[in-house]
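Okay, thanks for coming, everyone. Let me put the sequence and the structure up, and then I'll walk you through it.

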Amino acid sequence: MISAAQFEKEIELIISNAIREDIGDGDHSSLACIPAEAKGKAQLLVKDNGILAGVAFAKKVFEYVDPEVKLDIKINDGEKVKKGDVAFYVEAASQSILKAERLVLNAMQRMSAIATKTKEFVDKLEGTGTKILDTRKTTPGIRALEKWAVKIGGGENHRFALYDMIMLKDNHIDFAGGVAKAIKKTKKYLETNNLDLKIIVEARDMKEIEEILEEGGVYRILIDNFNYADTKKAVEFIGNQCLTESSGGITLETARKYAECGVDYISSGALTHSVYNMDLSLKAM
């Protein structure tokens, strides 16, 4: 994953771009009927059950819009919530609250949904030693938020993007002329460019796993679209030579069976691409 400073920069970019997109040359609805000096108070109402996420992000948004904002947080990121809970109270210029409202809600609703889904996987895998990973199947422009939500839900982040880890998948392998050639070329590339990046390689069958292990220097083997029996066999064959990861259409219903095969990680794009937003609202008081 990227550094904490780099991640923080991504969050700053999301906020500035979202405010630019939404406000443009002014929130004319508020400007038309609310005096600039008017002060207001609002509460973040929870209208669903699950895991709350995005409170820390909301604080950043409000402070970006109005440095004098006051936030009274009642429920923190990662905590369970139920319908009727109040997550926080916000006091600021009324115009500031209205400027930040939609970004705060859009982000928190999606982040909470992702955190809730992630926690379901975490609970399902409890006791197995297997960790749940996200993927790059994220919404363009807000990947940092979605990966942040996965962490809040108890999951782990895969690589952030194409630049912070090497991941040789089926198309890389086929274009390179095979898994052994792909790994050799990758090692040479890293050496030539003085790069220190971990290498993950996707394997489609036991033969490719054998080739990967023969080449060595791989951080993790992605055991892709294997059934339970073949996954267990692959994990036993790999042993302690590198870490293992199962992927390929794994659902909440099948996750534990794959974990019981002994893999270190399970990755699921469903954490971020198949969620229904948690119902939240920001109400004036």
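So, to start: how many bridges join strand S3 to S5, and which way do the two run? Four bridges, and the pair is antiparallel, with S3 covering residues 70-73. Before I go on, keep in mind that what you're looking at is a predicted model.

Let's stay with that pair for a moment. Ile73 sits opposite Phe88 in S5. On to strand S1, residues 39-46: seven bridges tie S1 to S5, and again the two run antiparallel. In this pairing, Ala42 faces Val90 of S5, and Leu44 has Phe88 in S5 as its bridge partner. So Phe88 has come up twice now: it is opposite Ile73 and it is paired with Leu44.

Put together, we've got an open sheet of four strands, ordered S3-S5-S1-S12, with antiparallel pairing. The edges are S3 and strand S12, residues 280-284; each has a single partner strand, so each has one side with no neighbour in the sheet. From one strand to the next, the twist averages 20 degrees.

Now, what packs on this sheet? Helix H3 lies across S3, S5 and S12, and runs at about 5 degrees to S5. Then there's H4, which also packs on the sheet and touches S1, S5 and S12, with its direction making about 155 degrees with that of S5.

Why is S5 largely enclosed by the rest of the structure? Because six of the eight residues in that strand, which spans 86-93, are buried.

There's a record that goes with this region, by the way. UniProt, in an unreviewed entry, places the feature "domain: Quinolinate phosphoribosyl transferase N-terminal" at residues 28-112. In the model, residues 28-112 come out as 42% helix and 28% strand, and the C-alpha atoms at the two ends are 30 Å apart.

Next, the core. The largest nonpolar core has 82 residues, and the ones touching the most other members are Phe57, Phe88 and Ile221. H4 gives the most to this core, twelve residues. Where does the core lie with respect to the two domains? Between them, because domain 1 (4-114 + 276-284) and domain 2 (122-271) both contribute residues.

Take Ile221 from that list. Leaving out neighbours within four places in sequence, its contacts are Val201, Ala203, Ile209, Ile212, Leu213, Ile238, Cys242, Leu243, Thr244 and Glu245.

While we're over there, have a look at Ser246, in strand S10, residues 243-247. Ser246 is buried, with a relative accessible area of 0%. Not counting residues up to four places away in sequence, Ser246 touches Ile223, Thr231, Tyr258, Val263, Tyr265, Ile266 and Ser267.

Another covered piece is helix H5, residues 143-152, where eight of the ten residues are buried. Those are Ala144, Leu145, Glu146, Lys147, Trp148, Ala149, Val150 and Ile152, and yes, Glu146 and Lys147 are on that buried list. What do they pack against? Four helices: H1 (4-23), H3 (55-65), H4 (94-124) and H11 (270-273). Just after H5 there's Gly154, with a positive phi of about 100 degrees.

Speaking of phi: most residues other than glycine have a negative one. Two asparagines here go the other way. Asn194 has a phi near 50 degrees; it is in the loop between helix H7 (179-192) and strand S8 (199-203). Asn225 has a positive phi of about 60 degrees, and its loop runs between strand S9 (220-224) and helix H9 (228-238). Are these two buried or exposed? Asn194 is exposed, at 70% relative accessible area, and Asn225 counts as exposed too, at 56%.

Last thing, zooming out to the whole chain. Overall there are eleven helices and twelve strands. The C-alpha trace spans about 70 × 40 × 25 Å along its principal axes. Of the 285 residues, 48% count as buried. And among contacts with a separation of 6 or more, 70% are between residues 24 or more positions apart.

That's my tour. Happy to rotate things if anyone wants another look.

Note on methods
Residues are numbered from 1 along each chain as its sequence is written. This is a predicted model: local features need pLDDT of at least 70, side-chain atom pairs count only at pLDDT 80 or more; totals for chains, interfaces and linings use all residues. Side-chain values use heavy atoms; hydrogens and water are left out. Buried means under 20% relative accessible area, exposed over 50%, partly exposed in between (1.4 Å probe, protein chains only). Two strands pair if DSSP finds at least two bridges between them. Contact means heavy atoms within 4.5 Å. Axes are lines fitted to C-alpha atoms, for helices over the stretch in contact, and angles run from 0 to 180 degrees between N-to-C directions. A nonpolar core is a set of buried Ala, Val, Leu, Ile, Met, Phe, Trp, Tyr and Cys residues joined through side-chain atoms within 4.5 Å. Domain bounds come from an automatic or database domain assignment. UniProt positions are given in the numbering used here, feature names are shortened, and annotations may be inferred rather than shown by experiment.
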